[in-house]
Amino acid sequence: MCGIVGVVSHGPVNQLIYDALLLLQHRGQDAAGIATNHGNTFSMYKANGLVRDVFRTRNMRSLPGNAGIGQVRYPTAGSSSEEEAQPFYVNAPFGIILAHNGNLTNWEQLKIEMFKNDRRHVNTDSDSEVLLNVLAHEIQQATSGYSLDPSALFKAVSVLHTRVRGSYAVVAQIAGYGLLAFRDPYGIRPLCIGFNDTEKGPEYIVASESVALEGLGFRFLRDVLPGEAIFIDLDGKLYNQQCAENPVLNPCAFEFVYLARPDSVIDGASVYASRLKMGEYLAEKIRRQFSSGDIDVVMPIPDSSRPAAMELALKLNLDYREGFIKNRYIGRTFIMPGQGLRRKSVRQKLNAISSEFKGKSVLLVDDSIVRGTTSREIVQMARDSGAKRVIFASAAPPVMFPNVYGIDMPTRNELIAYGRTEEEVCREITADALVYQDVESLKRSISDINPALKNFEASCFDGIYVTGDISRDYLDRIEFVRNNPKPELEDAVRSQLNLNLARVD
């Protein structure tokens, strides 16, 4: 999960991109980067840290130009080293910078192909740098001489779709030409376009979420379609083309559960309205399982679960209270690396108001339960504050499978619901009772808001990987590498990939 943005304007874009990244900061807190295009020259600055900490006045002054891209990142494939902060750059052909949200499932194989067949060197273990080199190679194959036109770019993206697997929403700046943006044929990760009419002509922005558009005063135009490529030249003219043979929209359900801001609209569905619906469906299930008087008060675990908790309390005619106060200067625990750091940060992030718990049977509502660390700590905080009974409800179904499309859920053993019954998870988080959302109810929560949404990427809940290339062996391999982060083991994995490629050849 990352946040990306690209802008083509009639004035300097450095401040626009910076402000957009602030609005997308919830999508990644590991690193931030901005690259701008001035004539045929790129200027770029990137580093680990929050947007406000990475960029200083001197950095902003060094980013001239009326077009550029930016990214906020948290690590999935690769590591969290500063060398893997985005955007990435290649000098040929033409000069391209790229930022990527998602995760390539065949990036290791592509990296080997880049070296063996395309004669390109990839310097990091980032799938995004691999993606950039695939794009650069295909643009080079699609062009001749010194000219570049939209048809050549669309041809390159079409071939890229046949080579690359996984999820990818991309913004790329081509020196002296313009902004290229595209989305994978399944539309897993979000991407949308906004515009602003000016006296000098239209200006465009492409970003992960609509909130980045609206916060900068741009008008929402539409979502980028799955498999579609958009090119905006430096004069502000927009070109688009469908570049995939059989695109099918499968937006990530977890975007609506947790990742996206509630004030965003993704693929025509309001995140906030979807979360209200999650609360409504969850209320129906709780009504079937509990008697009147079993619950005294409903409390959200701030912030993502608040809409679901409010709607649940309303439907059950129960009191709604804010029992936990959030310290907004602590990062999101789900995207913090390491169990120890997550456990420590829970107590720093949340503080209980004891008077709201004392002597009450409390229903705590969270957006999801992933590793269970946060949930266990929160249940204990409620008990320490005097709650006589703690019932825990999740607005999402049990997270039982790894997500390989850009969310940091790569190993099954890290997931508390993997291999456990609902009762066993309840005991693990030390709650008196536990209620999960049903998978179909979660999907209906989103499709009720936009009936055109029929299919979803919900692999972490249902184990169905929409790209069709994820096997048990694949999951075993990525878990092995993650659990044994030693260079010799990674080399062994790559050697096996190389052997497999040789067999294919």
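Which residue forms a salt bridge with Arg189? The partner is Glu255. This report starts from that pair and then moves through the rest of the model, which is predicted.

## A long-range salt bridge

In the Arg189 and Glu255 pair, the closest N and O atoms are 3.2 Å apart. The pair links distant parts of the chain, with the two positions 66 residues apart in sequence numbering. Arg189 sits in the loop between strand 8 (178-183) and strand 9 (192-198). Glu255 belongs to helix 8, residues 253-259.

This salt bridge is one of 27 found in a search of the whole structure.

## Two domains

The domain assignment splits the chain into two parts. Domain 1 covers 2-248. Domain 2 is written as two segments, 274-326 and 346-450. Taken over C-alpha atoms, the domain centres are 36 Å apart.

## The interface between the domains

How many residues of each domain are in contact? Ten residues come from domain 1 and five from domain 2. The area buried between the domains is about 560 Å². Carbon and sulfur atoms give 57% of that area.

Strand 6 (96-104) and strand 7 (166-174) are the elements that give two or more residues to the domain 1 side of the contact. By class, this side has six polar, three nonpolar and one charged residues.

What about polar links across the interface? The rule finds zero salt bridges between domain 1 and domain 2. It does find three residue pairs in polar contact there, with both residues at pLDDT 80 or more.

## A parallel sheet

Five strands form an open sheet. Their order is 17-16-20-21-22, and the pairing is parallel. Which strands lie at the edges? They are strand 17 (319-320) and strand 22 (433-436), and each pairs on one side only. In general, strands of a sheet pair through backbone hydrogen bonds, either parallel or antiparallel.

Within this sheet, strand 20 (residues 361-366) runs parallel to strand 21 (residues 389-394). Six bridges join the two strands. Leu364 stands opposite Phe392 in strand 21.

## Backbone features around strand 5

Two cis peptide bonds deserve a look here. One runs from Gln86 to Pro87, with omega near 10 degrees. Pro87 is in the loop between strand 4 (67-73) and strand 5 (88-90).

The other joins Ala92 and Pro93, with omega about -5 degrees. Pro93 lies in the loop between strand 5 and strand 6. Where is Phe94? Phe94 also lies in the loop between strand 5 and strand 6. Phi of Phe94 is near 70 degrees, a positive value in a residue other than glycine.

Definitions and conventions: Residues are numbered from 1 along each chain as its sequence is written. This is a predicted model: local features need pLDDT of at least 70, side-chain atom pairs count only at pLDDT 80 or more; totals for chains, interfaces and linings use all residues. Side-chain values use heavy atoms; hydrogens and water are left out. Domain bounds come from an automatic or database domain assignment. Contact means heavy atoms within 4.5 Å. Buried area is the accessible area (1.4 Å probe) that two parts lose on being put together, summed over both. A salt bridge is a side-chain nitrogen of Lys or Arg within 4 Å of a carboxyl oxygen of Asp or Glu. A polar contact is a pair of N or O atoms within 3.5 Å; within protein, one must be able to donate a hydrogen and the other to accept it, and residues adjacent in sequence count only if both atoms are side-chain atoms. Helices (H or I, at least four residues) and strands (E, at least two) are DSSP runs, numbered from the N terminus. Ala, Val, Leu, Ile, Met, Phe, Trp, Tyr, Cys and Pro count as nonpolar, Asp, Glu, Lys and Arg as charged, and the others, Gly among them, as polar. Two strands pair if DSSP finds at least two bridges between them.
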